[in-house]
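Student: Please take me slowly through one part of this model, the place where aromatic rings meet one another, and then show me what lies around it. I am new to this, so please explain each term when you use it.

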Amino acid sequence: MPKVAVYDMTGAKTGEIELNDSVFGVEINEAVVHQVVVMQLASQRQGTHATKTRSMVRGGGRKPWKQKGTGRARAGSIRSPLWVGGGVAFGPHPRSYKFSMPRKVRRLAIKSALTAKVNDGGLLVVEDINFAAPKTKDVVKFLGNFEASDNKALIITVDQNDNVVKSSRNIPGVKAINTMGLNVFDLLHHDKVLVTKDAVAKIEEVLA
């Protein structure tokens with residue numbers, strides 16, 4: 001089982017914790033991780049893009065000129081896709097880009113991302129993360145204790161902690177989530193992952 005150090009909020013080491021091999025020590029499957037990230041990003045797309053077809057463009061109800069005898073190509077409408085100001089042929093229309101993947105595949109991707117963070121030394125376990133009030137400077141000081149002020153940092157707590165969320169949301173590159181919101185993209189996008197001891201236990205309980 002991989003072992004990592006446990007720290008308090010000041011950055012002082014307080015002990016060690018053994019991580020579950022089946023969650024934090026799996027064989028990394030890069031293909032699955034890529035597929036799940038694509039799925040996440042696709043589900044965030046609004047899909048509201050739209051163009052007008054020839055039937056939607058205003059005008060064009062009258063035939064521009066007679067069919068024969070003018071020497072010009074025959075035309076039935078000035079709103080044909082061939083004309084400037086006409087409709088768009090095969091243009092984009094509102095749609096959903098969402099697609100789903102099996103739960104086991106999604107979980108394997110999260111395990112692979114967590115294992116990669118452990119291997120890279122980017123996973124830091126903290127006894128507890130809490131602030132008395134929502135203050136940005138408290139998060140800045142906290143990250144400074146772990147030399148993470150200049151990095152993109154992800155803070156993971158076991159439950160929704162409003163003080164942590166509100167204190168960190170004004171800092172570029174810093175995000176706070178709970179274990180229910182754990183996802184592959186955030187794990188890969190942030191350089192440092194600071195997770196509470198309780199959150200580690202919860203993650204192992206759900207994913208093991």
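Tutor: What follows starts with the rings, moves to the strands and cores around them, and ends with the chain as a whole.

This is a predicted model, in which local features need pLDDT of at least 70 and side-chain atom pairs count only at pLDDT 80 or more, while totals for chains, interfaces and linings use all residues. Residues are numbered from 1 along each chain as its sequence is written, and side-chain values use heavy atoms, with hydrogens and water left out.

Let us begin with the rule for rings: those of Phe, Tyr and Trp (for Trp, its six-membered ring) form a pair if their centres lie within 6.5 Å, and the pair is called stacked if the planes are under 30 degrees apart, edge-to-face if they are over 60, and tilted for the rest. By this rule there are four aromatic pairs. In one of them, the ring centres of Tyr7 and Phe146 are 5.7 Å apart and the planes stand at 90°, so this pair is edge-to-face. The two residues are 139 apart in the sequence, and the pair links distant parts of the chain, with Tyr7 in strand 1 (residues 3–7) and Phe146 in the loop between helix 4 (136–145) and strand 4 (153–157). Here helices (H or I, at least four residues) and strands (E, at least two) are DSSP runs, numbered from the N terminus.

The two partners are covered to unlike degrees, which calls for another rule: buried means under 20% relative accessible area, exposed means over 50%, and partly exposed is in between, using a 1.4 Å probe and protein chains only. Phe146 has 9% relative accessibility and therefore counts as buried, whereas Tyr7, at 22%, counts as partly exposed. A further edge-to-face pair is made by Phe131 and Phe142, with 6.1 Å from centre to centre and 80° between the planes. Because Phe131 lies in the loop between strand 3 (123–126) and helix 4, and Phe142 in helix 4, this pair ties together parts that are eleven residues apart in sequence. Both Phe131 and Phe142 are buried, and ring pairs join Tyr7, Phe131, Phe142 and Phe146 into a cluster.

Next, consider the strand that carries Tyr7. Two strands are said to pair if DSSP finds at least two bridges between them. Strand 1 is joined to strand 3 by two bridges, and the two run parallel, with Tyr7 opposite Val126 of strand 3. Strand 1 is also joined to strand 2 (residues 13–18), by five bridges, in an antiparallel arrangement; there Val6 stands opposite Gly15. Five residues lie between the strands in this hairpin, where Gly11 takes a positive phi near 95°.

Val126 also leads us to a residue of strand 6 (residues 192–196), namely Thr196. Thr196 has a relative accessible area of 3% and so counts as buried. Leaving out residues up to four places away in sequence, Thr196 touches Val125, Val126, Glu127, Asp128, Ile129, Ile156, Thr157 and Val158, where a contact means heavy atoms within 4.5 Å.

In the loop that holds Phe146 there is also Glu147, which has a positive phi of about 55° although it is not a glycine. Glu147 is exposed, because its relative accessible area is 69%.

We can now place Phe146 in a wider setting. A nonpolar core is a set of buried Ala, Val, Leu, Ile, Met, Phe, Trp, Tyr and Cys residues joined through side-chain atoms within 4.5 Å. The largest has 31 residues, and those with the most contacts inside it are Phe24, Leu114, Ile156 and Leu187. Apart from this core lies another, of 16 residues, including Phe146, Ile129, Ile155 and Val164.

Strand 4, which follows the loop of Phe146, runs parallel to strand 5, to which five bridges join it. One of the bridge partners is Val174, in strand 5, which pairs with Ala153, and four of the five residues of strand 5 (residues 174–178) are buried.

Finally, the chain as a whole is divided into domain 1 (3–46 + 100–207) and domain 2 (48–94), with bounds that come from an automatic or database domain assignment. The centres of the two domains, taken over C-alpha atoms, are 54 Å apart.
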